[in-house]
Amino acid sequence: MDARVAPARLRLANISKAYAAVVANRDISLGIGPGEIHALLGENGAGKSTLVKIIYGVVHPDEGGIFWEGDAVAIADPNAARALGIGMVFQHFSLFESLTVAENIALGLGAQESIAALTLRIGEISRRYGLAVEPTRHVHHLSVGERQRVEIVRCLLQSPRLLIMDEPTSVLTPQEAQGLFDVLRRLASEGCSILYISHKLEEIKALCEHATVLRGGRVVGECDPRIASEQQMAEMMIGGALPVAHRPAPAAEGKPCLIVDRLSLPADEPFGTHLRDIAFTLRAGEILGIAGVAGNGQKELLHVLAGERLAPSAAAIRVIDTAAGRLGPTARRRLGLAFIPEERLGRGAVAEFALAENALLTAWQHGGLVRGGLIRFAAVQRYAADIIARFRVVAAGTEARGDSLSGGNMQKFIVGREVGTSPRVLLAAHPTWGVDIGAALAIRQALMDLAAGGAGVLVVSEDLAELFEISDRIAVLSGGRLSPPRRTHDTTVEEVGLLMGGHTAGPAAAMAGVAHAH
Amino acid sequence: MRISLQARARPARAMVWLSPLLAAVLSVIGVSILFALLGRNPLVALDTLFIAPLQSSEGLAELALKATPLLLCAIGIAIGCRAEVWNIGAEGQFTLGAITGGGAALVLGGGGQWWVLPVVVLAGIAGGMAWAAIPALLKTRFNAHEILTTLMLSYVAIQLLGYLVHGPWKDPEGYSFPQTRQFAPDTLLPLLIEGTRLHVGVLLALLTVPLGSILLGRTMIGFRIRTVGAAPGAARYAGFSRERVVWICLLLSGGLAGLAGIFEVAGPDGQLTPVISPGYGFAAIIVAFLGRLNPFGILFASLLMALIYLGGEGLQVSLQLPIAVTGTVQGMLLFFLLAADVLINYRVRLLPARRVPAGDARHA
């Protein structure tokens, strides 16, 4: 409560913001003291994003005041926010694909210094905080996790006095997350305030000293997360009792439905990862988790399994009983394969298409949605409406555009679409990344139900807690090699973390890993 | 001061269709100023350009006649654009269609068989397709950009036509004029309305409007085309081949342009001459965008563009204005359309030339 004595670093007074139809923020007040780590908690759609956009100058409030160190300010745009000393790491990254890491950071800083000097400073920051980034790499080659590290480094280079972190740990290994917490604690002890947005309650308990909980655009509670229980905080967020994921009893050991045999594939991009001797068997009725930090071959493995790239030989990948290594995505889907990709808009779905058309994207081979080359829109609408109802997708109907949905709702829709094709093998890439508790739970439940129904499910994720919760077996992808899968009961988070860290224990090792992959 | 464009969060839906209307109105204003500067009464000139051609049945028939090639070319261009395949060489495919179709007419005509005209028309379509197949091959094989290849091939096609009518195909009894023999009557398109030049080709052109609309909106091929254009990553994920879509789009738009070409020479012209098109293939690009890449929108846009062609001829005859006026009006239309589109999607903001330190300037 010392924040009340000294002038708060940032104080929001009765902020309201309404969009055309929706009130995103209503009468929100909060204060963040110097050196305070303040959690902003809430489900997707609770108004967290709007609020941080207001603080960062991206959105202007309709009503209410913003006070920076006691003075009323109007933050016109992100440049103004940065000039005040506000830094932000977005959940959706704002990096230019065609530029290098250093060039992106130079742009964000509006810096006068040369790229060479900046490269040195980036190296210094990344070593100091244990955030492996390679300044000369092009962003379009980077995985989600690597892009986030770039964003964090970019913010730290500006020595911010208030750092806003939007779901920063979702793509880090446990060890890296711990490393990040150390960074944040150190920044806080140096006097930097931190606004930490997350729905991972154990993290908030471990890190934050104050939490503001939003629901439906309003502040519904405040607490000291060191004292409040996770249960209490979760129930404040969702405004009711917490649902629990239920894992149906594991079926008897099923028949192999996806066999990968000595699959090696050179990277197709200069900074990609070579896949080396990948071998595993996925059985009907099981969930096989593949852990690992992004950039260790996940993208390459998923692309070759889904058929977007072809394997060197047909026999390297067998789907059910067919050698499928040389088949394209459409032919593999016909064999019963479905795929939930990592990126939602632009890959799993098309932003400017209606949900009905997005349903058609991969489901067009199923259930008479297309006949004689003609799309049967009534059937497509029904299919989409069915997904929306079954997965409680929050959307303005089947004609809502893809980009009108929140990330979690879009993901539920994509999962629903893929599960709805009754696949015999489902590949899921980071299925709950950046998704709120309720949606994540629904998605995990869908995966478990699918496995219980006799399909084989392969989940590639960086979220170890999730993999341990839902997987029957876990393997680790590191440097393009896959460790032999182990029964989840017979392994531990630490053991898997070490396998993951085999190439990522420190930035030096990670960079060696990159060099190694050339 | 510096000018900055900032993306609007949500462009107004209605403005997507208001923008072409706005562009048309601004073009009328702009062209009026131009007439005044040229020393003509703007009201008289506007009447000549936009009203007079519509006041006789002959004028209306000529309007439909000129809209036909524009419509055919623009529908094909628009379908390509939906997949981000930018065929701007419809002029060349139009010319090739006229050459192959015209060649067939010269060889096969005169016997009076019923099948000659369909073969001539199909030969025209095939010629346009073949010409568009070259950029398709270059794009899918060597990643050569179709904007360059289709445009450059247009000039090749025009040169080829010039060579043929000056050389091997020249009418031996034509007093050395660079033109072919007149096509035989059995290779000419039947007239739709006696006493005008309007032929049955206009009906086929009209048919491409609903067909194009169905193709884009209701078929799996159209869905693939739109997906490749809107999100190439999603198309790869869904297993839609970009190469196949490139081929479909270029062959389709080339075929339609080739059809427009043979309609022109087997219709009003009746022979091949060095200049068979007043730039229909290029004007069709404007038509496609003015019609918002939507077949029904394109129908109206092609009529407007045809009116500009027709009225431009009137201006030459009755007000002694140069033919360049037609091109100027077309250019204004495209300019205002693009400007209106930019303003729909972006806000113009004037910013101070230098960044003011936020700490003192931004305090409320």
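This passage walks through the nonpolar cores and a handful of individual residues in a predicted model.

The nonpolar cores make a handy starting point. The largest of them takes in 184 residues, and A:Phe280 and A:Leu427 have the most contacts inside it. This core is not confined to one domain of chain A: at least three of its residues come from domain 2 (254–336 + 423–489), and at least three from domain 3 (349–421). Setting aside neighbours within four places in sequence, A:Phe280 is in contact with A:Leu258, A:Ile259 and A:Val260, and also with A:Leu288 and A:Leu305. Its list of partners goes on to A:Leu458, A:Leu482 and A:Pro485. Apart from this core lies another, made up of 47 residues, with A:Val133, A:Phe181, A:Ile204 and A:Ile437 among them.

Next comes a charged residue, A:Glu300, which sits in helix H10 (residues 298–306) of chain A. A:Glu300 is buried, yet no salt bridge goes with it. The nearest side chain of opposite charge belongs to A:Lys299, 5.2 Å away, while a salt bridge calls for a separation within 4 Å. What the side chain of A:Glu300 does have is a polar atom 3.0 Å from the backbone nitrogen of A:Thr273. A:Thr273 also turns up among the residues that A:Glu300 touches, together with A:Gly272 and A:Leu275, once residues up to four places away in sequence are left out.

Two arginines stand out for their backbone angles. A:Arg262, in strand E11 (residues 256–265) of chain A, has a positive phi of about 45° despite not being a glycine. Over in chain B, B:Arg292 also has a positive phi, near 60°, and is likewise a residue other than glycine. B:Arg292 is found in the loop that links helix H11 (280–290) to helix H12 (295–319). As for their surroundings, A:Arg262 is exposed, with a relative accessible area of 61%, whereas B:Arg292 counts as buried at 17% relative accessibility.

Another loop of chain B, the one between helix H6 (146–166) and helix H7 (201–218), holds B:Thr196. With a relative accessibility of 16%, B:Thr196 counts as buried, because the cut-off for that label is under 20%. The side chain of B:Thr196 reaches the backbone nitrogen of B:Leu198 at 3.2 Å. Looking past residues up to four places away in sequence, B:Thr196 touches B:Ala61 and B:Leu191.

Definitions and conventions. Residues are numbered from 1 along each chain as its sequence is written. Chains are lettered from A and ligands numbered from 1 in the order in which they are written. This is a predicted model: local features need pLDDT of at least 70, side-chain atom pairs count only at pLDDT 80 or more; totals for chains, interfaces and linings use all residues. Side-chain values use heavy atoms; hydrogens and water are left out. Helices (H or I, at least four residues) and strands (E, at least two) are DSSP runs, numbered from the N terminus. Buried means under 20% relative accessible area, exposed over 50%, partly exposed in between (1.4 Å probe, protein chains only). Lys and Arg count as positive and Asp and Glu as negative; His and the chain ends are not counted. A polar contact is a pair of N or O atoms within 3.5 Å; within protein, one must be able to donate a hydrogen and the other to accept it, and residues adjacent in sequence count only if both atoms are side-chain atoms. Contact means heavy atoms within 4.5 Å. A nonpolar core is a set of buried Ala, Val, Leu, Ile, Met, Phe, Trp, Tyr and Cys residues joined through side-chain atoms within 4.5 Å. Domain bounds come from an automatic or database domain assignment.
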